[in-house]
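Q: Please take a close look at one part of this model, starting from a local detail of the backbone. Then set that part in the context of the whole fold.

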Amino acid sequence: MSPDISFRRCRRTDLVVCASVAVEAFPFRSSRFDGEETSKFMQAQIDGCHAISNYHELAIVGGKVTGLLFGRVKKRAVFIDVCQTLKRLALIKVRFLLGRYGSRRKLIGLIRPSLQGFRALGRNMPVSEAEVVLFAVAPKYQGKGIGRALMDRFIRHALKHKAKAISVPTDETASFWFYEKYGFRRWAEYKDPLETYLANRPIKGFIYLLVLG
């Protein structure tokens with residue numbers, strides 16, 4: 001691992017940089033979005049993932065954001081957690097109305113496959129106290145132990161809150177092999193409605209589970 005790596009909590013001002021890292025880590029190709037729309041769509045995804053997460057960690061090398069992990073861990077302070085999530089989602093709604101995420105018409109077209117995706121997750125997700133919502137390392141910095149260090153830190157956080165298992169939804173276009181190498185086991189496989197809609201071809205979704213302790 002790089003000797004000058006450090007970690008810190010993600011701030012809202014970091015989200016644009018996080019979107020850039022995600023675009024590099026997950027090359028997004030879709031006949032439905034192109035050019036600048038791709039970056040705007042990724043920004044919407046990053047903001048959404050940040051909103052529903054209560055754990056936001058960045059990996060920093062040489063002052064540059066090189067990786068990120070957003071996750072959710074069940075906590076006792078449920079009311080505060082819900083209020084923070086609703087506040088973040090309200091900001092996303094304002095940005096959507098202002099056109100910050102690109103064509104509203106195209107984004108509205110994502111509502112149906114997104115809802116189908118949530119239902120598919122609901123049918124296939126195992127019971128777990130923690131979930132990896134978004135995990136990415138810039139390609140230039142992959143293979144240097146940054147991803148493992150981010151996951152190690154999240155697991156320690158989950159254990160601190162008495163989590164017994166961590167789940168993560170992913171798909172065949174992402175680096176699902178990382179989870180297998182780390183020790184997660186594949187829990188379920190299904191057709192991912194949202195990724196299938198975006199790619200305009202069938203995409204398999206995977207759910208991995210890591211039992212702690």
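A: K162 sits in the loop that links α6 (146–160) to β5 (165–171). The model is a predicted one, and in it K162 has a positive phi of about 65° although the residue is not a glycine. Its relative accessible area is 67%, over the 50% cut-off, so K162 counts as exposed.

A second residue can be described along these lines. N200 lies in the loop between α8 (193–199) and β7 (204–211). Its phi is positive too, near 60°, in a residue other than glycine. At 54% relative accessibility N200 is also above the 50% limit, and therefore exposed. A further positive phi, near 60°, belongs to G62, in the hairpin of β2 and β3, where two residues stand between the strands.

The strands that these loops adjoin lead to the sheet. Seven strands form an open sheet in the order β1-β2-β3-β4-β5-β7-β6, and the pairing is mixed. The edges are β1 (5–9) and β6 (185–191); each has a single partner strand, so one side of each has no neighbour in the sheet. On average, neighbouring strands are turned by 25° against each other, direction ignored.

Starting from the β1 edge, the pairing can be followed strand by strand. β1 runs antiparallel to β2 (residues 55–61), and five bridges join the two. In this pair F7 stands opposite A59 of β2. β2 is antiparallel to β3 as well, over seven bridges, with I60 opposite V65 of β3. The pairing of β3 with β4 is again antiparallel and has seven bridges; here the bridge partner of L68 is A136 in β4.

Helix α1 (residues 15–25) packs on this sheet, touching β2, β3 (64–73) and β4 (130–137), and its direction makes about 95° with that of β3. In turn, α1 meets helix α2 (residues 36–52): their axes come within 9 Å and cross at roughly 115°. The crossing is right-handed. On the α1 side the contact is made by L15, V16, C18, A19, A22 and V23, and on the α2 side by M42, Q43, I46, D47 and H50.

β3 is mostly covered, with eight of its ten residues buried. One residue of this strand is V65. Its relative accessibility is 9%, under the 20% limit, which is why V65 counts as buried. Leaving out residues up to four places away in sequence, V65 touches V17, V21, L58, A59 and I60. Of these, I60 is the residue that stands opposite V65 in the pairing of the strands, and A59 is the one that faces F7 of β1. V65 and C18 are 47 residues apart along the chain, with 7.5 Å between their C-alpha atoms; C18 also belongs to the α1 side of the contact with α2.

The side chains of the fold can be followed further into its interior. The largest nonpolar core has 47 residues, and those touching the most other members are I46, F70, V132, M151, I166, Y179 and F184. β4 gives the most to this core, with seven residues. I46 was named above, on the α2 side of the helix contact. V132, once its neighbours within four places in sequence are set aside, is in contact with L69, F70, G71, M151, F154, I166, S167, V168, P169 and Y179. Apart from this core lies another one, of eight residues, including F33, Y101, L107 and L110.

For the fold as a whole, the protein has eight helices and seven strands. Buried residues account for 48% of its 213 residues. Of the contacts between residues at least 6 apart in sequence, 74% join residues at least 24 apart. The protein exposes about 11,700 Å², and carbon and sulfur atoms supply 57% of that area.

To return to the starting point, K162 is an exposed residue in the loop between α6 and β5, whereas V65 is a buried one in strand β3.

Technical notes:
Residues numbered from 1 in each chain as written. Predicted model: local features only at pLDDT ≥ 70, side-chain atom pairs only at ≥ 80, totals over all residues. Heavy atoms only, no water. Pairing = 2+ DSSP bridges. Helix = DSSP H or I, 4+ residues; strand = E, 2+ residues; numbered from the N terminus. Axes fitted to C-alpha atoms, helices over the stretch in contact; angles between N-to-C directions. Contact = heavy atoms within 4.5 Å. Core = buried A, V, L, I, M, F, W, Y, C linked by side-chain atoms within 4.5 Å. Buried < 20%, exposed > 50% of the residue type's maximum accessible area, 1.4 Å probe, protein only. Areas by Shrake-Rupley, 256 points an atom, 1.4 Å probe, with all protein chains shown as cover. Left-handed = near helix turned anticlockwise from the far one by under 90°.
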